[in-house]
Amino acid sequence: MSDITIEKQDGSETEKIPKSSSGSPQESEKPAEVDGLSVPSGSAETGPSTDAEPRSKRSQSRPVRYWFSVKNLSNPVSTEDKFLFKIASYNILSQELLARNYQLYAQCDETVLSWEYRFQTMQEEFKQLNADVFCLQEVQDDHYQQHIEPWFKQSGYQGLYKKRTGNNPDGCAIMFRSSRFSLMDFRLIELKRRGIPLLDRDNVAVIALLIPINTKQPVSPICITTTHLLFNPRRGDVKLAQLQILLAEIDFLLSFNGQTPQHAAQIFCGDFNLQPFCQLHKFVARGWINYKGKVREYLSGQEELGSVNSEYHISPAPLISPFTCFIFDQCRFFSPFLVNEYPTLQQTLDNSRYGNVHHAEPNQSSGTFLSIGSGALSHRFRYTSVYSYFWKKMREVTTHHGLSCCTVDYIFYSAGQRRPPNDRSNPKARLQLLARYRLFNEDESKLIEALPNRTCPSDHYPLLALFLLE
């Protein structure tokens with residue numbers, strides 16, 4: 001029985017959480033104190049390649065991943081009688097896409113590239129991650145039906161899957177442990193929309209509204225979204241339009257189920273195909289972007305992967321026509337919920353049809369407004385990233401293959417309500433991050449065999465986090 005090593009935020013000596021011999025959460029076991037956090041000993045277990053030895057004794061040539069406690073919490077957290085869960089986001093690499101891009105894996109041992117070998121390793125990895133929710137990308141359709149879904153079902157999970165549109169082999173999936181969650185509602189989202197040039201790609205997403213079960217106290221539902229956005233590094237405008245649609249879908253699902261979107265507990269994760277701190281990343285995290293006149297190649301921060309043509313500026317016109325998707329600049333669809341908030345909304349739409357495209361529709365009571373064609377987008381969620389993107393002054397990486405060594409995968413979570421600038425209140429967030437499973441940085445990644453390898457069956461590393469939900 002090995003221990004889980006967790007390093008403190010300030011870099012001081014590590015502490016350990018005893019690992020349950022059964023490999024599953026043991027509610028009756030005595031909690032272990034970790035950097036001021038009370039964490040049940042079975043709720044945060046080792047993931048792949050975790051070494052039981054203290055880091056001071058580990059070989060410097062063999063970097064390992066381990067749990068990292070989050071210290072910057074507003075108040076001391078007691079986990080007694082609270083709902084703790086782990087969530088993983090993982091691009092598992094479609095076998096067909098691997099075959100199409102075989103040149104990226106020339107440095108890999110051919111033995112480890114077969115699906116038979118990779119799935120065998122993947123099963124062990126899933127067991128070690130032991131997440132309550134797995135959000136998966138590049139899940140090949142036939143492999144999901146024949147291998148992945150049956151394995152998860154046998155392991156006590158329920159699944160949702162959406163295949164990419166068009167002639168594409170893969171899609172996204174959310175697998176959740178049936179003993180911990182029940183499904184309240186869900187959406188299988190196609191980001192391709194007929195008649196909209198920026199939305200002519202085959203990307204998809206899965207949204208699940210889950211209710212914690214078998215809890216000692218009532219716990220709020222949690223909305224979990226996973227997606228795999230367009231790869232093309234030159235088309236940041238397409239990714240921005242995909243995000244606008246997806247954020248509107250999340251907003252609508254929450255409203256439809258009686259949840260207040262800006263207060264709801266949320267996790268938004270997947271392979272976003274964008275770099276940390278780029279303009280699209282800031283849009284997700286900060287809730288606002290002015291896209292008018294921006295060079296589309298710079299939006300995702302991936303310009304080093306493709307040529308940049310500074311002449312491709314985004315038009316000030318609506319990114320997506322509001323009359324084809326019925327969507328506003330605030331990433332909200334036209335719906336009965338909006339009509340209740342904005343009584344003169346229909347008049348706004350009628351005026352826009354006759355040329356008054358840039359129009360703001362105010363709500364006097366809330367101080368909010370809707371707009372069309374403003375040249376900017378916003379959303380009413382407040383997302384924070386699980387990961388900090390740097391480790392020991394070097395960039396963290398989530399993928400490492402022949403084309404790149406960078407971060408493109410994320411787990412964002414709701415950090416509370418997004419409030420107007422003059423509102424200084426600090427409402428308590430329903431979802432709190434307790435620990436994350438740390439990533440390798442660029443230097444460490446160079447010390448590891450090319451991906452996939454004998455211990456990692458994908459060209460991406462899994463992301464893993466421990467949360468407390470109230």
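**Close-up views of a predicted model**

**View 1. Thr227 and its polar partner.** A polar atom of the Thr227 side chain sits 2.8 Å from the backbone oxygen of Val204. Bear in mind here, and in the other views, that this is a predicted model. Thr227 belongs to strand β12, which covers residues 222-228. Is Thr227 buried or exposed? Its relative accessibility is 0%, so Thr227 counts as buried. Setting aside neighbours within four places in sequence, Thr227 is in contact with quite a list of residues, including Gln137, Cys172, Leu191, Val204 and Ala205. Also among the contacts of Thr227 are Leu246 and the run Phe268, Cys269, Gly270, Asp271 and Phe272.

**View 2. The largest nonpolar core.** This core has 112 residues. Which of them touch the most other members? They are Phe85, Phe134, Leu136, Ile222, Ile267, Phe268 and Phe467. As for helices and strands, α4 (residues 236-256) gives the most to this core, with eleven residues. There is also a second, separate core, made of seven residues, and Leu93, Tyr105, Val112 and Leu113 are among them.

**View 3. Around Leu136.** Leu136 is one of the residues that touch the most other members of the largest core. Not counting neighbours within four places in sequence, Leu136 is in contact with Tyr90, Ile92, Phe126, Ile148 and Phe152, and also with Gly171, Cys172, Ala173 and Met175.

**View 4. Helix α3 and its bend.** Where does α3 bend? The bend, about 35°, comes at Ile148, and a proline, Pro150, follows within four residues. The end C-alpha atoms of α3 (residues 141-154) are 19 Å apart; at 1.5 Å a residue its 14 residues should span 20 Å, so the two values agree. His143, Tyr144, Ile148, Trp151 and Phe152 are the buried residues of this helix. What covers them includes two helices, α1 (95-100) and α2 (115-129), along with strands β7 (133-140), β8 (157-163) and β9 (170-177). After α3 comes Gly156, with a positive phi near 95°.

**View 5. Helix α4, mostly covered.** How many of the 21 residues of α4 are buried? The count is 19, so this helix is mostly covered. With 21 residues at 1.5 Å each, α4 should span 30 Å, and its end C-alpha atoms are indeed 30 Å apart. Gly258 follows α4, and its phi is positive, near 75°.

Notes:
Residues are numbered from 1 along each chain as its sequence is written. This is a predicted model: local features need pLDDT of at least 70, side-chain atom pairs count only at pLDDT 80 or more; totals for chains, interfaces and linings use all residues. Side-chain values use heavy atoms; hydrogens and water are left out. A nonpolar core is a set of buried Ala, Val, Leu, Ile, Met, Phe, Trp, Tyr and Cys residues joined through side-chain atoms within 4.5 Å. Buried means under 20% relative accessible area, exposed over 50%, partly exposed in between (1.4 Å probe, protein chains only). Contact means heavy atoms within 4.5 Å. A polar contact is a pair of N or O atoms within 3.5 Å; within protein, one must be able to donate a hydrogen and the other to accept it, and residues adjacent in sequence count only if both atoms are side-chain atoms. The expected span of a helix is 1.5 Å times one less than its number of residues. The bend at a residue is the angle between axes fitted to the seven residues ending there and the seven starting there.
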